[in-house]
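Student: I should like to work through this structure with you, one question at a time. May we begin once it is displayed?

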Amino acid sequence: MAEPKFHMIAGGPRPVAPFSHAVETDGWVILTGQMPTDPQAPDAPLPKGIAAQTRAVMENLRIVLQGVGLGLEHVVQCRGYLTEFERDYDVFNEIYQGYFPADRRPARTTVGVTALAVGALVEVDCVARRPDA
């Protein structure tokens, strides 16, 4: 087993806690859950509503993936966390599914939680696999 690589992506979202954007080992890339913050204005208020926050989270995942030379097409598993599960689940799904082709959707779990960092409504983490690994 190769030594893990700990990635911090230049221009990526500012971490809201002590973590790496991604950790890689043996072709697997594990991305930290992303928040709906703006990498260009990390102190700006969060977008309003679950649709805007879901888009922001998915774009932040895309930024981290691009920073390690991958894309959403390399994602094999995602976990979503929603603070208002009953209210937001359908809209979250509507936005989320637009980021993946219907025939290449990652495995996924979505969990209702009581709170998320920075007062977010949604967070998503994922696992990707390098195609040449």
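Student: In this predicted model, which residue of β6 stands opposite Gly80?

Tutor: The model is indeed a predicted one. Strand β4 spans residues 75-82 and β6 spans residues 122-129, and the two run antiparallel, joined by 7 bridges. Within β6, the residue opposite Gly80 is Val124.

Student: Which strands stand at the edges of the sheet, and why is one side of each left without a neighbour?

Tutor: The sheet is open and has 6 strands with mixed pairing, in the order β1-β2-β3-β6-β4-β5. Each edge strand has a single partner strand, so one side of it lacks a neighbour in the sheet. From one strand to the next, the twist averages 15°. The edge strands are β1 (5-7) and β5 (107-112).

Student: Which residue in the hairpin of β2 and β3 takes a positive phi?

Tutor: Strands β2 and β3 run antiparallel and are joined by 4 bridges. Thr25 stands opposite Trp28 of β3. The hairpin has 2 residues between the strands, and the positive phi, near 50°, belongs to Asp26.

Student: What is the bridge partner of Val29 in β6?

Tutor: Strand β3 runs antiparallel to β6, with 5 bridges between them. In β6, Val29 has as its bridge partner Ala128.

Student: Which strands does helix α2 touch, and what angle does its direction make with that of β5?

Tutor: Helix α1 (residues 49-67) lies across β2, β3, β4 and β6, and runs at about 30° to β6. Helix α2 (residues 85-97) also packs on the sheet, where it touches β4, β5 and β6. The direction of α2 makes an angle with that of β5 of about 155°.

Student: How are α1 and α2 oriented to each other, and what is the handedness of their crossing?

Tutor: Two packed helices are described by the angle between their axes and the distance between the axes. Here α1 and α2 pack at about 40°, with their axes 9 Å apart. That angle makes α1 oblique to α2. The crossing of the two helices is right-handed.

Student: Which residues of α2 are met by residues of α1?

Tutor: On the α1 side, the residues involved are Ile50, Ala51, Thr54, Arg55 and Met58. Their counterparts in α2 are Asp88, Val91, Phe92, Ile95 and Tyr96.

Student: Asp88 also forms a salt bridge. Is Asp88 buried or exposed?

Tutor: The salt-bridge partner of Asp88 is Arg87, and their closest N and O atoms are 2.7 Å apart. Arg87 counts as exposed because its relative accessibility is 51%. Asp88 has a relative accessibility of 3% and therefore counts as buried.

Student: How many residues apart in sequence are the parts that Asp43 and Arg14 tie together?

Tutor: The structure holds 5 salt bridges, and in the one between Asp43 and Arg14 the closest N and O atoms are 2.5 Å apart. Asp43 counts as exposed at 64% relative accessibility, whereas Arg14 counts as partly exposed at 44%. Asp43 belongs to the loop between β3 and α1 and Arg14 to the loop between β1 and β2, so the parts tied together are separated in sequence by 29 residues.

Student: Arg130 and Glu24 form a salt bridge as well. Are these residues buried or exposed?

Tutor: The closest N and O atoms of Arg130 and Glu24 are 2.5 Å apart. This pair links distant parts of the chain, with Arg130 in the segment after β6 and Glu24 in strand β2, 106 residues apart. As to accessibility, Arg130 and Glu24 are both buried.

Technical notes:
Residues numbered from 1 in each chain as written. Predicted model: local features only at pLDDT ≥ 70, side-chain atom pairs only at ≥ 80, totals over all residues. Heavy atoms only, no water. Pairing = 2+ DSSP bridges. Axes fitted to C-alpha atoms, helices over the stretch in contact; angles between N-to-C directions. Contact = heavy atoms within 4.5 Å. Salt bridge = Lys/Arg side-chain N within 4 Å of Asp/Glu carboxyl O. Buried < 20%, exposed > 50% of the residue type's maximum accessible area, 1.4 Å probe, protein only. Parallel < 35°, antiparallel > 145°, perpendicular 65-115°, else oblique. Left-handed = near helix turned anticlockwise from the far one by under 90°.
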